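Trainee: Could you take a close look at one part of this structure with me? I would like to see how a single helix sits among its surroundings.

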Amino acid sequence: MSENGRTLIAKWFSALTERGLDLLYPPALYCICCGNLIDETRTYHLCDHCISHIRWDTGDVRVLNGIKTLRCAEYGLYARTLIFALKYNGKTYIARDLAEIMADRLAMAGPDFDVIVPVPLFSRKEKKRGFNQAALIGDCLGKLTGRPCISRGLLRTEDTRPMRGLSPMERKINVKGKFAVNKKYVTLLEGQRILLLDDFFTTGSTAGQCISALEEVRPADVHLLAFAAR
């Protein structure tokens, strides 16, 4: 069987599994943060307690460590719980809710953009996890905003150490020169206003290296959209 055939089967099986889990454990019935029972009217499938304890950001785009950044929330326990549930507990349906939050944030104070480019995972790490959480959110956000999401517009060319526990300087060294534009999508990215998408923004080391890589396509502009940032 060809590589394309195996990829299509893997995507079909993943989608079927997700739909089956949704039937067994309908996400609309439970708060996506704490798991408490809720009804379908709850905004973003969050209970009153959790939605009130997320430190939402309603300000404009700000420059963080030299990067034009729009965040949905301040980094904290509840925002971290949502992302960790998606990344490490395989609750991929949370990507839809995070995309809705991001779409509303963009409507409130977002920059104009032409294309969404998620921050990539190294191929081996993505294969092990089964997905790239930024790409899942990006795909959903693209459908909500009507903008294309180029899930593999950027590549992580080498594996890197986990960022948690590293100092700002160690983070910078860890990711330096580890990203590149995917040659397949150069013409789709050239001269565009790019919305770089990631789950967290901490020191900006990863985002900064992604933006440096994107200079190859001479973008009209690049903004980072992060669900949570310090």
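Trainee: In which crossing, left-handed or right-handed, does H4 pass H6? Please go on from there to the surroundings of H4.

Mentor: Happy to. Keep in mind that this is a predicted model. H4 passes H6 in a right-handed crossing. The two helices pack at an angle of about 50°, and their axes lie 8 Å apart. An angle of that size makes H4 oblique to H6, because it falls between the 35 degrees that bounds roughly parallel and the 65 degrees where roughly perpendicular begins. On the H4 side, the contact is formed by Ala95, Arg96, Leu98, Ala99, Glu100, Met102, Ala103 and Leu106. Facing them from H6 are Leu136, Ile137, Cys140, Leu141, Leu144 and Thr145.

H4 also packs against H3. Here the axes come within 9 Å and cross at roughly 140°, so H3 and H4 are oblique to each other too. Leu82, Ile83, Ala85 and Leu86 of H3 meet Ile94, Ala95 and Leu98 of H4. Notice that Ala95 and Leu98 appear in the contact with H6 as well as in the one with H3.

Now for the helix itself. H4 runs over residues 94–109. At 1.5 Å a residue, its 16 residues should span 22 Å, and the end C-alpha atoms are 23 Å apart, which agrees. Its buried residues are Ile94, Ala95, Asp97, Leu98, Ala99, Ile101, Met102, Ala103, Arg105, Leu106 and Ala109; Asp97 and Arg105 are on that list alongside the nonpolar residues. The cover over these buried residues includes E2, H3, H6, E6 and E7.

That brings us to the core. In soluble globular proteins, nonpolar side chains tend to be buried together. The largest nonpolar core in this model has 42 residues, and Leu46, Leu98, Leu141, Leu225 and Phe227 touch the most other members. Two or more residues come from each of strand E2 (67–74), helix H3 (77–87), helix H4, helix H6 (133–145), strand E6 (193–201) and strand E7 (221–229). H4 gives the largest share, nine residues.

Phe227 is a good place to see these elements meet. Leaving out residues up to four places away in sequence, Phe227 touches Leu98, Ile101 and Met102, among others. Its other partners include Trp56, Arg71, Cys72, Ala73, Ala79, Leu82, Ile83, Asp198 and Asp199. A second, separate core of 26 residues includes Val115, Leu154, Leu196 and Phe201.

Conventions: Residues numbered from 1 in each chain as written. Predicted model: local features only at pLDDT ≥ 70, side-chain atom pairs only at ≥ 80, totals over all residues. Heavy atoms only, no water. Core = buried A, V, L, I, M, F, W, Y, C linked by side-chain atoms within 4.5 Å. Buried < 20%, exposed > 50% of the residue type's maximum accessible area, 1.4 Å probe, protein only. Helix = DSSP H or I, 4+ residues; strand = E, 2+ residues; numbered from the N terminus. Contact = heavy atoms within 4.5 Å. Expected span 1.5 Å × (residues − 1). Axes fitted to C-alpha atoms, helices over the stretch in contact; angles between N-to-C directions. Parallel < 35°, antiparallel > 145°, perpendicular 65-115°, else oblique. Left-handed = near helix turned anticlockwise from the far one by under 90°.
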